[in-house]
Amino acid sequence: MQERRTADRVHLNLRTRWEGLKTQGRGAVSDLSSTGCFVLSGGEVTVGELIRLEINFPRELASVWGQVVYSVTEIGFALRFRFDNGDEQLTLARLIDSLN
């Protein structure tokens with residue numbers, strides 16, 4: 001299978017809170033890049049759903065929007081980030097770089 005990801009990923013464990021149209025929950029971001037992430041959470045989401053995600057970085061709280069790419073029942077879901085502007089994407093990239 002060919003790798004489809006375009007950005008480098010960081011494997012980590014950052015607390016998160018998320019909310020969608022009908023549900024909300026807490027979990028942990030286990031895999032993060034500047035284009036998306038995987039959230040470990042038992043909450044139910046649907047493919048294509050827009051999710052607001054708050055990620056607790058060590059020194060800062062980041063709030064991002066993402067669209068659900070896929071979901072695994074009782075395990076979690078993958079998000080592809082949706083940015084309103086380039087500043088939001090740069091801020092997230094800076095926070096990811098600060099983890100190294």
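Two strands count as paired when DSSP finds at least two bridges between them. Keep that in mind as you look at this predicted model, because strand pairing is what most of this briefing is about. A good place to start is the hairpin that links strand 2 to strand 3 through 3 residues. From there we can work outwards to the whole barrel, then look at a patch on the surface and one threonine.

**Strand 3 and its two partners**
- Strand 3 covers residues 36–40, and 4 of its 5 residues are buried, so you can call the strand mostly covered.
- On one side, strand 3 is joined to strand 2 (residues 24–32) by 4 bridges, and the two run antiparallel.
- Want to find that pairing in the structure? Look for Val29, which sits opposite Val39 of strand 3.
- Ala28 has a bridge partner in strand 3 as well, namely Leu40.
- Strand 3 also pairs with strand 6 (residues 76–82), again in the antiparallel sense, this time over 5 bridges.
- To spot this second pairing, find Gly36, which faces Arg80 in strand 6.
- As a bit of background, strands of a sheet pair through backbone hydrogen bonds, either parallel or antiparallel.

**The whole barrel**
- Zoom out and you get a closed barrel of 6 strands with antiparallel pairing, in the order 1-2-3-6-5-4.
- On average, neighbouring strands of this sheet are turned by 45 degrees against each other, direction ignored.

**A nonpolar patch on the surface**
- Leu40, the partner of Ala28, turns up again in a nonpolar surface patch of about 430 Å².
- The other members of that patch are Val47, Tyr70, Val72 and Ile75.
- Tyr70 belongs to strand 5 (residues 61–72).
- Tyr70 counts as partly exposed because its relative accessible area is 38%, which falls between the 20% and 50% cut-offs.

**A buried threonine**
- Thr16 is part of strand 1 (residues 10–19).
- With a relative accessibility of just 3%, Thr16 is classed as buried, because the cut-off for that label is under 20%.
- A polar atom in the side chain of Thr16 lies 2.6 Å from the backbone oxygen of Glu54.

Terms used: Residues are numbered from 1 along each chain as its sequence is written. This is a predicted model: local features need pLDDT of at least 70, side-chain atom pairs count only at pLDDT 80 or more; totals for chains, interfaces and linings use all residues. Side-chain values use heavy atoms; hydrogens and water are left out. Buried means under 20% relative accessible area, exposed over 50%, partly exposed in between (1.4 Å probe, protein chains only). Axes are lines fitted to C-alpha atoms, for helices over the stretch in contact, and angles run from 0 to 180 degrees between N-to-C directions. Patches are made of residues with over 30% relative accessible area and no salt bridge: like charges are joined within 9 Å, nonpolar side chains (Val, Leu, Ile, Met, Phe, Trp, Tyr) within 5 Å. Accessible areas come from the Shrake-Rupley method with a 1.4 Å probe; for residues, only the protein chains shown count as cover. A salt bridge is a side-chain nitrogen of Lys or Arg within 4 Å of a carboxyl oxygen of Asp or Glu. A polar contact is a pair of N or O atoms within 3.5 Å; within protein, one must be able to donate a hydrogen and the other to accept it, and residues adjacent in sequence count only if both atoms are side-chain atoms.
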